[in-house]
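Work through the exercises below with the sequence and the 3D structure at hand. Try each task before reading its solution.

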Amino acid sequence: MSGQFANDVAAGLGATPKTLPSKYFYDALGDKLFIKIMDLPEYYLTRAEMEIFTQQTHELIAALGQNPTLHFELVELGAGDGQKTLHLLEGLLAAGYDFTYVPVDISSHVLTQLEARLLRHLPQMHIAPKIGDYFEQLNILYETETPRVVLYLGSNLGNLTDDKSAIFLEELSDCFKPGDRLILGVDQIKSADIILPAYNDAGGVTAAFNINLLARINRELGGEFDLTSFRHVPEYSEKTGIAASYLMSLREQCIRIEALDQSFNFAKGERIHTEISRKYNLDIVDSIIGNTQFQIIKVLRDSQNYFLDIVMDRI
Ligand SMILES: C[S@@+](CC[C@H](N)C(=O)[O-])C[C@H]1O[C@@H](n2cnc3c(N)ncnc32)[C@H](O)[C@@H]1O
């Protein structure tokens with residue numbers, strides 16, 4: 001991972017404009033900060049999707065379309081702390097379904113904690129965690145002929161551009177057999193006064209989460225970033241429905257990264273693009289899945305209509 005991390009940092013900071021991949025937010029500190037973000041009053045996303053998972057558990061279970069007497073795999077891409085999924089897992093066990101839960105995450109730290117928590121709460125459940133980048137883990141979907149449901153929650157898809165989402169969902173749909181289902185959780189387009197604070201909380205937790213990317217480069221690659229000389233800058237366009245986060249250099253500076261044996265120049269005000277969080281409506285999702293074999297069969301919404309859990313199967 002650290003070789004790949006070094007390569008990606010070298011490529012991103014060497015590019016114009018500068019960029020760093022958002023998947024590197026999630027080291028041990030990043031995982032902790034993200035758990036804090038999910039509890040922030042401004043971060044409505046987790047609460048909205050949690051409401052769907054707690055208030056509509058039976059509808060969700062019915063939408064999985066699985067036969068309670070046949071074993072299936074419940075694969076979750078980017079499972080994180082699995083807070084919302086826990087309600088679905090409890091519901092499935094209570095209804096007597098026979099399944100194995102397969103959380104996939106790039107953070108080994110988050111997966112170890114998730115597995116320990118699930119074994120404590122639901123000791124009867126089968127769990128088979130997979131550490132890795134889910135873009136490179138789709139081969140696990142070909143490993144068995146077992147019926148399968150894939151969860152891709154938390155608007156994780158929104159971290160990709162629409163072009164990349166379309167390619168990823170096409171690859172994912174190619175792995176699906178008839179009867180398999182995808183539950184795609186996406187955040188709906190809303191006004192800036194609701195969305196922007198979710199990425200710019202008053203307590204500065206999201207800023208710390210973004211800055212941790214530079215701290216991680218310092219820790220793991222011998223970077224010499226002065227963390228006080230960069231500022232978290234969030235933006236949201238109601239027109240495009242895209243929120244973006246940047247780290248802006250507050251002065252002209254040259255930063256050395258030991259493991260790369262390279263230095264990078266920053267002009268005052270120059271930004272590193274670190275994340276996009278695309279917001280959706282059903283038309284946008286429809287156009288993204290246009291070249292895939294997926295079709296939408298059900299849409300679950302929270303009471304404020306902030307968030308959608310879209311159920312799809314393979315045509
Ligand atoms: C925004 S959190 C969402 C967690 C959870 N799905 C939810 O809805 O609350 C994203 C999670 O996906 C993981 N992740 C991000 N990019 C990933 C990738 N390319 N491959 C595997 N896991 C990834 C992170 O480590 C993190 O645990």
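Helices (H or I, at least four residues) and strands (E, at least two) are DSSP runs, numbered from the N terminus. Two strands pair if DSSP finds at least two bridges between them. The model is predicted: local features need pLDDT of at least 70, side-chain atom pairs count only at pLDDT 80 or more, and totals for chains, interfaces and linings use all residues. Residues are numbered from 1 along each chain as its sequence is written, and side-chain values use heavy atoms, with hydrogens and water left out.

**Exercise 1. State the strand order of the open sheet of four strands, and explain why one side of β1 and of β8 has no neighbour in it.**

Step 1. The order is β1-β12-β9-β8, and the pairing is mixed.

Step 2. β1 (18–19) and β8 (230–237) are the edge strands; each has a single partner strand, so one side of each lacks a neighbour in the sheet.

**Exercise 2. Describe how β8 is joined to β9, and find the bridge partner of proline 234.**

Step 1. Strands of a sheet pair through backbone hydrogen bonds, either parallel or antiparallel.

Step 2. β8 and β9 (residues 242–249) run antiparallel and are joined by eight bridges.

Step 3. Proline 234 has serine 245 in β9 as its bridge partner.

**Exercise 3. Count the salt bridges, then place the one between glutamate 270 and lysine 18.**

Step 1. A salt bridge is a side-chain nitrogen of Lys or Arg within 4 Å of a carboxyl oxygen of Asp or Glu. By this rule there are 14.

Step 2. In the pair of glutamate 270 and lysine 18, the closest N and O atoms are 2.8 Å apart.

Step 3. Glutamate 270 sits in the loop between β11 (262–266) and β12 (271–278), while lysine 18 belongs to strand β1, so the salt bridge ties together parts 252 residues apart in sequence.

**Exercise 4. Classify both residues of Exercise 3 as buried, partly exposed or exposed.**

Step 1. Buried means under 20% relative accessible area, exposed over 50%, and partly exposed in between (1.4 Å probe, protein chains only).

Step 2. Glutamate 270, at 24%, is partly exposed; lysine 18, at 8%, is buried.

**Exercise 5. Classify the partners in the salt bridge between aspartate 180 and lysine 177.**

Step 1. Their closest N and O atoms are 3.0 Å apart.

Step 2. Aspartate 180 has a relative accessible area of 1% and is buried. Lysine 177, at 18%, is buried too.

Step 3. Elsewhere, Asp187, Lys190 and Lys279 form one network through salt bridges that share partners.
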